[in-house]
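Dear colleague,

I am handing over the structure we spoke about, with the sequence alongside. Please have it open while you read the notes underneath.

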Amino acid sequence: MNIGEAATASGISAKMIRHYETVGLIEKAGRTEAGYRVYSKRDVETLRFIRRGRDLGFSLDQIKDLLTLWQDHSRASSDVKQIALTHVAELEAKMEQLREMADTLRHLAQNCQGNNRPDCPILHDLASNAAKS
């Protein structure tokens, strides 16, 4: 199938498929005599794997490692599990950072009068932290 068909079948845009080729996440596609890229069902399965990995927030490096393990039938599942658990820890750290940001903004908004006066604790906080940098 051509790149447009592979894009539709995998849920990844043609632009991203070309990018994944460029960065070495997927092998360069075969070409027709006219120079058009040609993809197999296996290529589309690999693209779907990448799409699912991206949907779960894995980095391209993590996906590359997972692809290597997926293609290695003598792999140890503990290696796959370790990548997943490391990613879970990263996600949980990000969630905590987002919670802290939301709590701070909620506190600042609660202390803002929200009226016609110019005094605003939100702007004061942003300015005071900008001055520290």
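What follows is an account of the overall form and then of a few individual residues.

Please bear in mind throughout that this is a predicted model. The secondary structure of the protein amounts to 6 helices and 2 strands, and the order in which these elements occur along the sequence is α-α-β-β-α-α-α-α. The protein is more spread out than a compact globule, because its radius of gyration is 23 Å, whereas the globule rule gives 14 Å for 133 residues. The C-alpha trace, taken along its principal axes, spans about 70 × 40 × 25 Å.

As for the interior and the surface, 21% of the 133 residues count as buried, and the protein exposes about 9,700 Å², of which carbon and sulfur atoms supply 54%. If one takes the contacts between residues at least 6 apart in sequence, 46% of them join residues at least 24 apart. The charged side chains number 19 positive and 18 negative, and the centres of these two sets are 4 Å apart.

Turning to the helices, I looked at α5, which runs over residues 77-110, and asked how far apart its end C-alpha atoms are. They are separated by 49 Å, which agrees with the 50 Å that its 34 residues should span at 1.5 Å a residue. Within α5, the residues I83, H87 and L108 are buried, and the cover over the buried residues of this helix includes α4 and α6 (121-132).

The contacts of Q62, a residue of helix α4 (residues 60-71), can be read together with this. Q62 has a relative accessibility of 12% and therefore counts as buried, the cut-off being under 20%. When its neighbours within four places in sequence are left aside, Q62 is in contact with G57, I83, H87 and E90; of these partners, I83 and H87 are among the buried residues of α5 already mentioned.

A second buried position is T46, which lies in helix α3 (residues 41-55) and has a relative accessible area of 10%. Beyond its neighbours within four places in sequence, T46 is in contact with I26, L67, W70 and Q71. For one of these partners, L67, there is also a distance to give: L67 and T46 are 21 residues apart along the chain, and their C-alpha atoms are separated by 7.9 Å.

Finally, is H73, in the loop between α4 and α5, buried or exposed? With a relative accessible area of 73%, H73 is exposed. H73 can also be placed relative to E27, from which it is 46 residues away in sequence and 19 Å away in space, C-alpha to C-alpha.

With best regards

Technical notes
Residues numbered from 1 in each chain as written. Predicted model: local features only at pLDDT ≥ 70, side-chain atom pairs only at ≥ 80, totals over all residues. Heavy atoms only, no water. Helix = DSSP H or I, 4+ residues; strand = E, 2+ residues; numbered from the N terminus. Rg over C-alpha atoms; globule rule 2.2 N^0.38 Å. Buried < 20%, exposed > 50% of the residue type's maximum accessible area, 1.4 Å probe, protein only. Contact = heavy atoms within 4.5 Å. Areas by Shrake-Rupley, 256 points an atom, 1.4 Å probe, with all protein chains shown as cover. Lys, Arg positive; Asp, Glu negative; His and termini not counted. Charge placed at Lys NZ, Arg CZ, Asp CG, Glu CD. Expected span 1.5 Å × (residues − 1).
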